[in-house]
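Please open the structure in the viewer and keep the sequence panel visible beside it. The tour below proceeds by selections, each followed by an account of what is found there.

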Amino acid sequence: MSLLLLQLFNGISLSSILLLIALGLAITFGLMNVINMAHGEFIMIGAYMTYMIQGLFQKMLPASAFGYYFALSLLVAFLVAAAIGWLLEKTLIRFLYGRPLDSLLATWGVSLVLQQLARTIFGAPNVAVKAPEWLEGGLAITAELTLPYKRLFIIALVIFCITAIYLYLYHTRGGRSMQAVMQNRGMAACLGISTGRVDALGFALGSGMAGIAGCALTLLGPIGPSIGTYYIVDAFMVVVLGGVGKLIGTVAGALGIGVLSTAFEYTTSATLAKVIVFTLIIAFLQWRPAGLVTMKSRALD
């Protein structure tokens with residue numbers, strides 16, 4: 001029973017990480033149909049912001065205050081990544097709407113520039129971020145089962161992020177405008193919604209969520225300029241499987257991929273498990289190309 005619970009927890013933990021990474025991409029890809037290959041680099045920005053905040057706390061504040069740096073890092077990572085995302089949308093992305101191949105190549109170029117910039121500033125080797133003391137250790141369920149606090153914190157962070165995005169999308173004027181643009185851009189513009197402003201806000205929000213994901217990933221291991229490239233494929237996989245533009249689909253896609261990957265890794269190996277999961281996703285999309293959850297709209301496109 002302990003082994004079964006451990007595998008289930010590992011699956012949920014992996015799902016939470018995938019979901020946190022894919023949340024921002026679900027907003028940008030679902031809203032603007034922009035294939036943002038630089039999404040991984042916004043994850044990198046959030047990770048390095050955490051590294052910088054840690055260094056500032058170690059140099060400028062007493063040791064007793066070090067435990068508070070991670071909470072501040074989450075806020076700074078979100079704001080910095082969102083600001084860079086807003087600037088990127090204003091200067092580049094808005095000129096590439098309706099041109100998916102051009103947007104893919106342009107954002108891929110941006111990702112290379114950001115990676116090289118990170119190597120110039122922080123160096124090529126990976127750097128480590130020390131977790132605060134309140135995240136060390138684990139919750140002992142039984143003598144054989146201990147749940148790490150770091151993983152539990154990431155799961156709680158994902159639940160908070162999903163709740164915040166849900167409340168924004170369904171209970172604020174800005175969120176309802178964003179949904180209207182997702183469903184029918186032309187009609188939303190005719191009704192007076194500033195689609196350009198919604199696009200900029202949506203891209204900034206998606207980039208900010210990627211920054212939070214990067215901050216959370218520092219709890220799991222060292223970070224480097226190419227940390228985002230390890231997760232970009234999985235992020236697109238979650239969004240496409242769940243269904244473009246639907247939050248509940250992204251949640252279902254991440255949960256399914258995480259649990260299946262953990263189950264197959266237990267019986268085979270990590271590489272073979274990823275191959276099996278990819279194959280199952282391809283087969284599923286052949287049967288249901290729109291994904292698990294489809295968006296209902298009166299648009300005739």
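Helices (H or I, at least four residues) and strands (E, at least two) are DSSP runs, numbered from the N terminus. The model is predicted: local features need pLDDT of at least 70, side-chain atom pairs count only at pLDDT 80 or more, and totals for chains, interfaces and linings use all residues. Residues are numbered from 1 along each chain as its sequence is written, and side-chain values use heavy atoms, with hydrogens and water left out.

**First selection: the annotated spans**

Select residues 201-223. This span is 74% helix and 0% strand, and its end C-alpha atoms lie 28 Å apart. Next, select residues 152-169, where the chain is 100% helix and 0% strand and the end C-alpha atoms are 26 Å apart. Both spans appear in an unreviewed UniProt entry under the feature "transmembrane region", which the record also places at residues 12-35, 42-61, 67-88, 235-260 and 266-287. UniProt positions are given in the numbering used here, feature names are shortened, and annotations may be inferred rather than shown by experiment.

**Second selection: α5 and α8**

Select helix α5 (residues 149-171) and helix α8 (195-217). Their axes come within 11 Å and cross at roughly 170°; axes are lines fitted to C-alpha atoms, for helices over the stretch in contact, and angles run from 0 to 180 degrees between N-to-C directions. That makes α5 roughly antiparallel to α8. Angles under 35 degrees count as roughly parallel, over 145 as roughly antiparallel, 65 to 115 as roughly perpendicular and the rest as oblique.

Now display the side chains in contact, where contact means heavy atoms within 4.5 Å. From α5, Ile-154, Leu-157, Cys-161, Ile-165 and Tyr-168 meet Leu-201, Leu-205, Met-209, Ile-212 and Ala-216 of α8. The residues of this contact divide into ten nonpolar, no polar and no charged. In this classification Ala, Val, Leu, Ile, Met, Phe, Trp, Tyr, Cys and Pro count as nonpolar, Asp, Glu, Lys and Arg as charged, and the others, Gly among them, as polar.

**Third selection: α2 against α8**

Keep α8 and add helix α2 (residues 39-60). Here the axes are 6 Å apart and the packing angle is about 55°; α2 and α8 are therefore oblique to each other. Their crossing is right-handed. A crossing is left-handed if the near helix is turned anticlockwise from the far one by less than a right angle, and right-handed if clockwise.

On the α2 side, the contact is made by His-39, Phe-42, Ile-43, Gly-46, Ala-47 and Thr-50. On the α8 side, the residues include Phe-203, Gly-206, Ser-207, Ala-210 and Gly-214. The residues of the contact of α2 with α8 divide into eight nonpolar, seven polar and no charged.

**Fourth selection: Thr-218**

Move to the loop between α8 and α9, where Thr-218 lies. Is Thr-218 buried or exposed? With a relative accessible area of 3%, Thr-218 is buried; buried means under 20% relative accessible area, exposed over 50%, and partly exposed in between (1.4 Å probe, protein chains only). Not counting residues up to four places away in sequence, Thr-218 touches Ala-47, Thr-50, Phe-70, Val-129 and Ile-223.

**Fifth selection: α2 against α4**

Return to α2 and add helix α4 (residues 100-122). The two axes come within 10 Å and cross at roughly 20°, and α2 and α4 are therefore roughly parallel to each other. The crossing of α2 past α4 is left-handed. Glu-41, Met-44, Tyr-48, Tyr-51 and Met-52 of α2 meet Ser-111, Leu-114, Gln-115, Ala-118 and Phe-122 of α4. This contact divides into seven nonpolar residues, two polar and one charged.

**Last selections: single residues**

Leu-101 is found in α4 and counts as exposed at 58% relative accessibility. Arg-99, in the loop between α3 (69-91) and α4, is partly exposed, with a relative accessible area of 39%.

Finally, select Met-237 in helix α9 (residues 232-242). Met-237 counts as buried at 10% relative accessibility. Which residues does Met-237 touch, not counting residues up to four places away in sequence? They are Ile-257, Phe-278 and Ile-281. Met-237 and Ile-281 are 44 residues apart along the chain, and their C-alpha atoms are separated by 8.3 Å.
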